[in-house]
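These entries record what I looked up on nonpolar cores, burial and contacts. I begin with the terms.

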Amino acid sequence: MRNGTIPGSRGVVRPIRLLGDPGLGTPCEEVTVFDAALSRLVEDMYATMYAAHGVGLAANQIGVPLRVFVYDCPDDEDHRHLGHVVNPRLVAADGVTVRGAEGCLSLPGIEAGTPRYDRAVVEGVTVTGEPARVEGTGFFARCLQHESDHLDGGLFTDRLTGLGRRRALRAARRAPWARENTAGA
């Protein structure tokens with residue numbers, strides 16, 4: 001990275017879609033064209049993720065229904081993982097299940113204890129079509145699973161049950177951004 005540009009430094013910050021946007025609940029399409037537009041999308045995704053102080057972002061969160069996500073996320077040992085995956089597939093999620101605090105840029109300010117496996121492996125390709133395999137543990141595994149869920153049309157609240165789910169969704173309904181989102185509806 002030292003000799004390259006900072007991811008997102010040439011990107012444009014795009015609006016993030018919020019809970020209730022139909023694009024968040026729809027599975028994304030495979031990327032079939034690997035061109036400058038895809039590279040710009042990834043740059044914009046980094047810029048948007050950094051502007052929102054996130055650790056991961058899926059393309060559908062900015063209104064692009066393609067299977068792409070970016071990340072800049074630490075693991076439990078505080079090792080930084082930085083990258084992107086195009087057409088990712090979660091090929092392994094195993095180990096112990098850990099319930100940990102999880103939030104989402106599409107539900108700003110909402111967190112809930114969400115069960116996730118402690119290890120995850122994602123396979124896909126880069127923006128140039130080169131094979132990519134990303135393996136993570138701890139918090140980074142949580143990130144990989146979270147972003148993979150987005151591309152399949154899911155949110156972390158879908159993994160919640162009972163009182164935890166009701167509390168998270170109630171908090172989302174009461175959030176200032178939810179009222180602003182529905183004010184013109």
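I take buried to mean under 20% relative accessible area, exposed over 50%, and partly exposed in between (1.4 Å probe, protein chains only). I note that this is a predicted model, in which local features need pLDDT of at least 70 and side-chain atom pairs count only at pLDDT 80 or more, while totals for chains, interfaces and linings use all residues. Residues are numbered from 1 along each chain as its sequence is written, and side-chain values use heavy atoms, with hydrogens and water left out.

Entry on Val68. I located Val68 in strand 2; helices (H or I, at least four residues) and strands (E, at least two) are DSSP runs, numbered from the N terminus. Val68 counts as buried because its relative accessible area is 0%. Setting aside neighbours within four places in sequence, I found Val68 in contact (heavy atoms within 4.5 Å) with residues including Leu41, Met45, Leu57 and Leu151. Leu38 is 30 residues from Val68 along the chain, and their C-alpha atoms are separated by 9.3 Å.

Entry on the cores. I looked up the largest nonpolar core (buried Ala, Val, Leu, Ile, Met, Phe, Trp, Tyr and Cys residues joined through side-chain atoms within 4.5 Å); it has 17 residues, and Leu38, Val68 and Val86 are among those with the most contacts inside it. Helix 1 (36-51) and strand 2 (68-74) each give two or more residues to this core. Helix 1 supplies the largest share, 6 residues. Apart from this core lies another, of 14 residues, among them Phe69 and Val122.

Entry on His146. I found His146 in helix 2 (residues 138-151). His146 is buried because its relative accessibility is 7%.
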